[in-house]
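Trainee: I have a model open and want to work through its architecture. Can we go element by element?

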Amino acid sequence: MADDVKIIEEVEVETDGEESLKKKDDAGPAEIVVADTLLPDVLPLVPLFDRPLFPKMMAPVVVGKNDQSKALIKAVESASNYVGLILVKSEMGSTPPQPGEPLPLPESIDDLHKIGVVAKVLQVSGTKDGHYVHLMAQIVERFEIKDLMSTNPFLRGRVEYKYEQKSKSDEETKAYAVSVINVIKELVSLNPLFKEQLGFLMGQVNVNQPGMLADLSASMTTSSAEELQTILEILDVRERIEQVLVLLKKEMEISKLQSKIDKRIEERLSTQQREFFLKQQLTEIKKELGLSKGDQETELEKFQKRLETLKLPTEEVKTRIDEEMNKLKVLEPSSAEFNVTRNYLDWLTILPWGVTTKDNKDLKKAARILDRDHYGLEDVKERILETISVGVLKGDLSGSIILLVGAPGVGKTSIGHSVARALNREFYRFSLGGMRDEAEIKGHRRTYIGAMPGKFIQALKTCKTSNPVIMLDEIDKIGASFQGDPASALLEVLDPEQNKDFLDHYLDVRFDLSDVLFICTANQLETIPGPLLDRMETIRLSGYVLEEKLEIARRYLVPKQLKAHGLKKEHIKLPKNVLRDIINGYAREAGVRNLENNIKKIFRKATKQIVQNDVKQVDVKKGDLSDLLGRRMFSEEKIYKSPKVGVVMGLAYTSMGGATLFIEATRVASKGPGFKQTGQLGKVMVESSEIAYTYVRSLLTSKKEAEFFTSNAIHLHVPAGATPKDGPSAGITMACALYSLVNNKPIIKDVAMTGEISLTGLVMPIGGLKEKVIAAKRAKVSTLVFPAENKDDWEDLDDHIKAGLTPHFVSKFSEVLKICFPK
C-alpha cells in the first residue's frame, strides 16, 4: 500500500437495538484520505430508488430498521465502513419501501445501472420514530459493478473503480467550468434556495477542478434520475461538464417560468388586498363623516322601505320578517349566514303581497282584443268573456284553472297573451315539458346552497303583482324521477280550495295564489294524471279547416312575416289561390305552424330576389311553389277514385288533429277460416276488428255466405303500415269493409264513417267529432256516418264547418248498411 488512510475504526452495537458508528477520537472531525489500494473490491450494496449520488458529496442514506439493515451494517463494518450505492433501473419502480419493510432487492445485475459510487459511512443513527436507520455517507469514487455475488439478505457485488484522471485542464474545459459557475450564479438570483448550495460549491471547487464541479453542480439540479445517472456514467470530464451545463440551462428556464408565475400570483393577490383595504378605509371614513352606513343598516333600510308599500296578509308573514330583520342586525357581514338571511329577506320583501292590477271589466273591449289577436277559437273566447262577466257581478275576478287541449300549432300558447291583455293582467309563461324535479314547483329548502323558490313564486316576483295570468305549457309532458313528482306538487297549486294557502319550501310562509288565472296547455289528455285533470276546466281547440287557415294567413301570418322580413305589401304579391294551394299541398296539418314556416320560406326567397336582382315586386304564382317550397308534401287523400270492394274510408282522431284512413279487406282461399290484421294496430283496435269480424259473420247466415268464411282466410289492413293506430272508433268502418268483401259489393261514393261497434251490432259514441269532420271536409267527402249519440256534438259545430256535408246518425249497424248499400 502506497499511502495510509485515517479511518473510523471502531463500531459499537448498543444493547437497545440502535446501531451507532462512533469515532475513536472525538476531539475533531476525521480527515478522509483515500488511496486507491484501500478501497475494497467487494462491497455491500444499497439500492437507490429516487436519484443517484455523486463523488465528493456528503449525503444521508436511509434504510428501514429491520434484520436486513442490521446485517447490512455489520457487512459495512467488515468492509472498513465502505458501502456501494447504486441506482436501480426504472423497471423496478422508484418508490422506497414502507416503514419496517426490507429493501426490494434486484434478482440480477441487469436490474441495476452499471455505474454506482462507493461511500464511507461516517455515522449510523436511528430516527425518532424508530422506523428507519440513517447512514451518513461521504461519497468517494465511481465504480462499475462487474458481478453480483449475493442478493440475500442484502446485495454484495464485485466492483471495478473508475478513478478520475488528474490531467491538466485545457482552455475549453475551463470555459465550460466558468459557464457552469455563471449559470449557477444566475440561478441564485432567480431561486434563493440555490444560494446556500452556491456558497458550498464555491468553497469546495474552482475552475481547475472541472470534474468535481460537474458532479456537485449536477447534484444541485431537480433533473430526473435517468438524466443524473447519465451524467454519473460519463467518465470524460469535458463531455460530462458539457452535459451538466445543458441540465443547468434547463433548470434556469424552469426557474424563470416559476418566477413569472410567482410574480403574477403575487401581483394579483397584492391588487386584491389593496382593493380590500382601500374599501375598508373608505367605509370607515364615510362612517366617520356620517355619509354612509354599514352593510346591515343599508340592507335593513332597503327592506324596510319595501315593506312600506306592501300589505302583509297575515301575522305569520309579519312575524317571520321581523325575526329575520332582527337576526340580520346581529350577524357579521362577512359570515355565510348573513348572505343567506339577506337573500331570504330579499325574497320576502320583494314579493307583491297584496299588490294587484285592476282588471278590465269592459266585455266589448275584451272581445275586441280577443278577436283582433285570434281568428276562430270561439269556445276559448266565450269562456274568457264568461270569467269577466262573473268578475263584474262579484266585484273581483277570482282565479280559474283552464286547460286548452289541441294539436300543435292551433294557438294554445298565443291565446294566453291575448287573455292577459283582455283582462289587463301581467303574463308569465313557463314550460312543464320534461320537468322532473318537485323543487321546480315548490322550491328548495333554505338549508341547501343556492336554494331558490319555485317557479310560481319566481313568476310573482317577475310580474310584481299577485293576480297575473300564468301559463303552464305542455302539462301533458311533465315527468317524474327520484327527485319527486312535479305533477303531484301541482295538485295544491291548481286547486282553488287549496292554493290560497300555497306553501313554498323556500319561503316557508303561505302565499295566496287564488287570484292567479292559470291557463294550462296540452296536446292530449291521456298522459295527464286523473287527479290533476279533475282540477281543470278543459276546452278543446280543434284544428282549422282550409277557409279558417286561409283567413288566419291573410290576417295574421302574412302581415307578421312581412314585418319580420323588412318587406312592404307592394314588394310581394301572394294571392288567395296561391295560399290555398300552399295549405292543400304543404300545410294540411291541424294547426298553422307549418303554414307559417312555408310563408317564411317564400318571403326569404323573395327578399333575396329583391336585393340581388333589384326587383320591384315578386309575384308568387301557383306554378312557382314547387321551386320555392319543393315537392308537395300532401297529395289527394282520396286515393281511390271510385268505390272498390272491401275498401271503406274511416275517420280518426290523433294528437295532430283529425285524419282520414282507409280500411282494406281481402280474401285468400284456404281450407279453413282465418282472420288476421296488419298496419301497426294497437290492442284496442285489434279487439275492435275481431268484434266486427264476429258480428259480420253472425249477420250473414246463408249457406253461400257461411261457405265464404269456411273456405277463405280474410286479411284486414289499415294503411299506412308504418303509423301506429289504436282505438275503437273504426269498428263500423271495419265491419262495412268485411260486409262489402263477403257480398262482393262496393259501398256508395263519397262516404266516410266513424263509430264503435258492439257484438250485438249497436253503434257506440266516439270522441273528437269536430276534428274528424274537418278531416272529412279536407278530403272532400260529402256523406258522413256518425253514432246517434254524437248528434249534439254535430249541432255545436260552426256553420261554415258543416257547410256542404250530409250527416247520418245511426244507432245500429243495420242502419249503416242501408246508407252504404242502398240497393
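**Helix pairs, sheet and strands**

Mentor: Start with a helix contact. In this predicted model, Lys549, Ala553, Leu557, Val558, Lys560, Gln561 and Leu562 of helix 17 touch Leu595, Glu596, Ile599, Lys600 and Phe603 of helix 19.

Trainee: How many nonpolar residues does the contact of helix 17 with helix 19 have?

Mentor: Sort the contact residues by class. Four are charged and one is polar. On the helix 17 side, Lys549 and Lys560 are among those in contact. The nonpolar count is seven.

Trainee: Is helix 17 oblique or roughly antiparallel to helix 19?

Mentor: Helix 17 spans residues 546–564 and helix 19 spans residues 593–613. Their axes lie 10 Å apart and pack at an angle of about 45°. Roughly parallel needs under 35 degrees, and roughly perpendicular starts at 65. That angle therefore makes helix 17 oblique to helix 19.

Trainee: And is the crossing of helix 17 past helix 19 left-handed or right-handed?

Mentor: Handedness is a separate property from the angle class. Helix 17 passes helix 19 in a crossing that is right-handed.

Trainee: Take helix 8 and helix 9. Is helix 8 roughly parallel or roughly antiparallel to helix 9?

Mentor: Helix 8 covers residues 315–330 and helix 9 covers residues 336–350. Their axes come within 10 Å and cross at roughly 150°. Angles over 145 degrees count as roughly antiparallel. So helix 8 is, relative to helix 9, roughly antiparallel.

Trainee: How many charged residues are in the contact of helix 8 with helix 9?

Mentor: The crossing of these two helices is left-handed. From helix 8, the contact includes Arg320, Glu324 and Lys327; from helix 9, it includes Glu337 and Arg342. By class there are seven nonpolar residues and one polar. The charged count is five.

Trainee: Now the open sheet of five strands. Which strands stand at its edges?

Mentor: The strand order is 10-11-14-9-15, with parallel pairing. Neighbouring strands are turned by 20° against each other on average, direction ignored. Each edge strand has a single partner, so one side of each lacks a neighbour in the sheet. The edges are strand 10 (427–431) and strand 15 (537–541).

Trainee: Which residue in strand 11 stands opposite serine 431?

Mentor: Strand 10 and strand 11 (residues 469–473) run parallel. Five bridges join them. Opposite serine 431 stands aspartate 473.

Trainee: Which helix lies across strand 10, strand 11 and strand 14?

Mentor: Look over the part of the sheet that holds strand 14 (517–522). The helix there runs at about 150° to strand 10. Its residues are 455–463, and it is helix 14.

Trainee: Move to strand 8. What is the bridge partner of aspartate 147 in strand 8?

Mentor: Strand 7 (residues 132–150) pairs with strand 8 in the antiparallel sense over seven bridges. A hairpin of four residues joins strand 7 to strand 8. The partner of aspartate 147 is arginine 158.

Trainee: Which residue in strand 8 stands opposite leucine 45?

Mentor: Strand 3 (residues 42–48) also pairs with strand 8 (residues 155–162). That pairing is antiparallel, over four bridges. Opposite leucine 45 stands leucine 155.

Trainee: Last, the whole protein chain. What percentage of its 823 residues count as buried?

Mentor: The protein chain has 27 helices and 26 strands. Among contacts between residues at least 6 apart in sequence, 75% join residues at least 24 apart. Buried requires under 20% relative accessible area. By that cut-off, the buried share of the 823 residues is 45%.

How values were computed:
Residues are numbered from 1 along each chain as its sequence is written. This is a predicted model: local features need pLDDT of at least 70, side-chain atom pairs count only at pLDDT 80 or more; totals for chains, interfaces and linings use all residues. Side-chain values use heavy atoms; hydrogens and water are left out. Axes are lines fitted to C-alpha atoms, for helices over the stretch in contact, and angles run from 0 to 180 degrees between N-to-C directions. Angles under 35 degrees count as roughly parallel, over 145 as roughly antiparallel, 65 to 115 as roughly perpendicular and the rest as oblique. A crossing is left-handed if the near helix is turned anticlockwise from the far one by less than a right angle, and right-handed if clockwise. Contact means heavy atoms within 4.5 Å. Ala, Val, Leu, Ile, Met, Phe, Trp, Tyr, Cys and Pro count as nonpolar, Asp, Glu, Lys and Arg as charged, and the others, Gly among them, as polar. Two strands pair if DSSP finds at least two bridges between them. Buried means under 20% relative accessible area, exposed over 50%, partly exposed in between (1.4 Å probe, protein chains only).
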